[in-house]
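Colleague: I'd like to understand how the labels people put on a model follow from its numbers. Could we go through one together?

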Amino acid sequence: MKKFLAAIIFVAMMMSACGSSEEVPKDVSKSFFADSVALNSGYNMPRLGFGTWTLDDDTAEDCVYFALKVGYRLIDTARYYRNEAGVGKGIRRAIADGIATREEIFVTTKIMPGNYNSPDAAIENSLKTLGLDYVDLMLIHQPGHNDEEVYRAMERAVKAGKIRSIGISNYYTPRDFDRIKNIATIAPAVIQNENHPYYQNEELQSYVKKFGTVIESWYPLGGRGNTQKIFSNETIQSLAKKYSKSPAQIILRWQFQAGYVAIPGSSNKKHIAENFNIFDFRLTAEEMELMRGLNKNRRFENW
Ligand SMILES: NC(=O)c1ccc[n+]([C@@H]2O[C@H](COP(=O)([O-])OP(=O)(O)OC[C@H]3O[C@@H](n4cnc5c(N)ncnc54)[C@H](OP(=O)(O)O)[C@@H]3O)[C@@H](O)[C@H]2O)c1
């Protein structure tokens, strides 16, 4: 019985940790400052980050710590993911170990619909759970009742120094964007949307550019359960072969060159390191056109 219990505890520990014990590969670029975009808020945002959806607190802590060690400086979480505590621990541990300073790390979280009637408290709760004095970017997680008041609460928090930049998520049309922008005194710095080769936010990207708003891609690789549908695409496969890169790296390089901020998620250290290793090759203009041609206007989610 004791052996059985020990085996269960061991399996549970393995499942909660950021998978595999690999060390940081030496060939991974750490020049994140060169790879950032200037937001309309005056702050810089790294253009490649680490996403934490589906990671529990323990896994999030380990994976965030590892991602920062690899060189990522943008970490994405949300109240809805129930892992702000783990994400905050990973960030604070990396700072304590001298991997990066707080100023160098760009932390994003989101206010979830269940809290749209008490946004000021939601902001305080996220800061408290993360264990941070401020976040770099706070987003409205999705459109919903009272979202305009949520935006106003985020603006107040900017003035109070609790949030540096603010934005919206899952607003897909110029009309959706305008509804928030028209009541805003601070234009959204970022729109975080589903965005991958089969669903490209190109039109929205060109519309919001004039306001200095940047598109950030969630599901940059298609998301859990969908990645193989995109990885097996012939164009992506042939580019992967040409550059001796993985399909994930080709997609992330396309995201980067197309002007999107991408935040691939993973609980596998090999993948986390691989996804950051995209700064030693460049797709040609013709190849970017081929990638653009893959758009099917196909979303995998409908929220
Ligand atoms: N605002 C929103 O509504 C919203 C919605 C969804 C997500 N997000 C944010 O966006 C982030 C990214 O989305 P996501 O994580 O759901 O989807 P994703 O990054 O497109 O895909 C994650 C999937 O890809 C796999 N993967 C990652 N790197 C890989 C590689 N190099 N080779 C092979 N497989 C690889 C992961 O598996 P392994 O774990 O095995 O690597 C996982 O199954 C989230 O983590 C979250 O922070 C926001």
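Colleague: Which residues is I123 in contact with, leaving aside its neighbours within four places in sequence?

Modeller: This is a predicted model, by the way. Setting those neighbours aside, I123 touches M138, A153, A157, K162 and I163. A contact here is a pair of C-beta atoms within 7 Å.

Colleague: And where is I123 found?

Modeller: I123 sits in helix 4. V135 is twelve residues apart from I123 along the chain, and their C-alpha atoms are separated by 9.5 Å.

Colleague: Why is I123 called buried?

Modeller: Count the C-beta atoms around it. The label needs 20 or more others within 10 Å. I123 has 24, so I123 is buried. Across the protein, 45% of the 303 residues count as buried.

Colleague: Back to helix 4, then. What makes helix 3 oblique to helix 4?

Modeller: The axes of helix 3 (residues 84-96) and helix 4 (residues 119-130) cross at roughly 50° and come within 7 Å. Angles under 35 degrees would be roughly parallel, and 65 to 115 roughly perpendicular. The crossing angle fits neither, and that makes helix 3 oblique to helix 4.

Colleague: Which residues make that contact?

Modeller: Helix 3 brings E84, A85, V87 and G88, while helix 4 brings S126, T129 and L130. By class, that's three nonpolar, three polar and one charged. Gly goes with the polar ones, in case you wondered about G88.

Colleague: Let's zoom out. How do you know that the radius of gyration agrees with a compact globule?

Modeller: You compare two values. A compact globule with 303 residues would come out near 19 Å, and the protein has 19 Å, so the two agree. Along the principal axes, the C-alpha atoms fill a box of roughly 55 × 55 × 35 Å. Inside that, you'll find twelve helices and ten strands.

Colleague: How much of the contacts with a separation of 6 or more comes from residues 24 or more positions apart?

Modeller: Such residues account for 75% of those contacts.

Colleague: Last thing, the ligand. How many residues surround it, and which are the closest?

Modeller: There are 27 of them, and the closest are G51, W218, L221, G265 and S266. Helix 11 (residues 269-276) gives the most to this shell, with three residues.

Colleague: How do the residues of the shell divide?

Modeller: You get eight nonpolar, 16 polar and three charged.

How values were computed: Residues numbered from 1 in each chain as written. Predicted model: local features only at pLDDT ≥ 70, side-chain atom pairs only at ≥ 80, totals over all residues. Axes fitted to C-alpha atoms, helices over the stretch in contact; angles between N-to-C directions. Helix = DSSP H or I, 4+ residues; strand = E, 2+ residues; numbered from the N terminus. Parallel < 35°, antiparallel > 145°, perpendicular 65-115°, else oblique. Contact = placed C-beta atoms within 7 Å. Near = placed C-beta within 6 Å. Rg over C-alpha atoms; globule rule 2.2 N^0.38 Å. Buried ≥ 20, exposed ≤ 12 C-beta atoms within 10 Å, placed from the backbone.
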